[in-house]
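Please open the structure in your viewer and keep the selection tool at hand. The tour goes from one stop to the next, saying each time what to select and what is there.

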Amino acid sequence: QSYNITDVAKSRRIAEKVLFNKWNNIYTQNQSLIEFWNLDKNGIFSNIDKNRDKLRDLGLKKYFNLLNVQEDRRTGLIQVNIEMESPNLAAEIANFIGAEIQSYIQKQNTSKATKEKLFIKDRLTVVRAELEQVENNLKEFKKRNRSYDVSPELFMIFSQKLRETEAKQQVYVTLQQQIELARINEVRQTP
């Protein structure tokens with residue numbers, strides 16, 4: 001994996017989703033954290049459209065002060081804690097963050113599987129062309145040198161061309177197997 005889960009959990013992308021999501025909590029229904037914390041009621045921010053960036057930054061600052069994410073390196077378990085006035089809201093937000101992390105990991109794995117499959121497909125095309133070339137070289141050599149098995153030098157050249165052809169065939173077969181495994185992996189990683 002090429003990402004740190006705690007960094008994903010603390011990312012601005014997830015933070016903004018948490019901040020502007022409409023939450024159900026014990027006080028009121030369907031409020032963003034901006035509304036829950038009454039940040040939008042402040043006189044300076046009465047023109048929300050004009051000051052949305054300031055409002056967002058203020059909300060993010062408060063959010064990051066309340067958020068604590070830790071990873072147990074031994075078990076790989078990620079613990080997400082958010083201190084809120086409402087325990088129900090805190091649980092709802094922590095579960096939301098967990099779902100966002102899972103979604104991110106799923107997308108990353110799917111993307112990686114797709115890239116791997118495309119790489120193998122490209123290699124398969126190149127190796128197929130190389131294989132055809134060495135097979136044609138072997139065929140032409142045998143046509144031009146029908147008695148290659150009598151001459152030690154010609155037999156050595158034939159053996160070399162044969163080994164080269166067999167090696168390319170093996171690479172081609174391996175890539176065909178890998179492309180099938182990559183297809184299976186891609187389907188497995190798709191949500």
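The stops below take in a helix face, a hairpin, the nonpolar cores, the aromatic pairs and some single residues. Keep in mind throughout that this is a predicted model.

**A helix face**

Begin by selecting α2, which runs over residues 12–20, and colour I14, A15, V18 and L19, the residues that are buried in this helix. If you then turn the view to look down the axis of α2, the buried residues fall within an arc of 135°, so they line one face of the helix.

**The hairpin**

Next, select residues 67–71 and residues 78–82, which are strands β1 and β2, and you will find them paired in the antiparallel sense over five bridges. Within this pairing, V69 stands opposite V80 of β2. Six residues lie between the two strands of the hairpin, and G76 in this hairpin has a positive phi near 80°.

**The largest nonpolar core**

Now select V18, L33, W37, Y63, M84, I93 and I97, which are the residues with the most contacts inside the largest nonpolar core, a set of 27 residues. Two or more residues of this core are given by each of the elements α1, α2, α3, α4, β1, β2 and α5, and the largest share, six residues, comes from α5.

Which residues does M84 touch, leaving aside those up to four places away in sequence? Centre the view on M84 and show its neighbours, and you will find L33, F36, W37, L66, L89, A90 and I93.

Apart from the largest core lies another one, of nine residues, and to find it you can select V127, L131, Y172 and I179, which are among its members.

**Aromatic pairs**

How many aromatic pairs are there? The count comes to six. For one of them, select Y63 and F64, whose ring centres are 5.3 Å apart and whose planes stand at 65°, so the pair is edge-to-face, the angle being over 60 degrees. Y63, already selected for the largest core, is buried at 0% relative accessibility, whereas F64 is partly exposed, with a relative accessible area of 34%.

Move from there to F141 and Y148, where the ring centres lie 6.4 Å apart and the planes are at 55°, so this pair is tilted. F141 counts as buried at 4% relative accessibility, and Y148, with a relative accessible area of 15%, is buried as well. If you add F155 and F158 to the selection, you will have a cluster in which ring pairs link these residues with F141 and Y148.

**Single residues**

Go next to the loop between α3 (33–36) and α4 (48–66), and select N38 there. Its phi is near 60°, which is a positive value in a residue other than glycine. Is N38 buried, partly exposed or exposed? With a relative accessible area of 47%, N38 is partly exposed, because the value falls between the limits of 20% and 50%.

For the last stop, select helix α6, which covers residues 152–189, and pick out I157 within it. I157 counts as partly exposed, at 34% relative accessibility. Then add L118 to the selection and draw a line between the two C-alpha atoms: I157 and L118 are 39 residues apart along the chain, and their C-alpha atoms are separated by 36 Å.

How values were computed
Residues numbered from 1 in each chain as written. Predicted model: local features only at pLDDT ≥ 70, side-chain atom pairs only at ≥ 80, totals over all residues. Heavy atoms only, no water. Phe/Tyr/Trp six-rings, centres within 6.5 Å; stacked < 30°, edge-to-face > 60°. Buried < 20%, exposed > 50% of the residue type's maximum accessible area, 1.4 Å probe, protein only. Helix = DSSP H or I, 4+ residues; strand = E, 2+ residues; numbered from the N terminus. Pairing = 2+ DSSP bridges. Core = buried A, V, L, I, M, F, W, Y, C linked by side-chain atoms within 4.5 Å. Contact = heavy atoms within 4.5 Å. Arc of directions from axis to C-beta.
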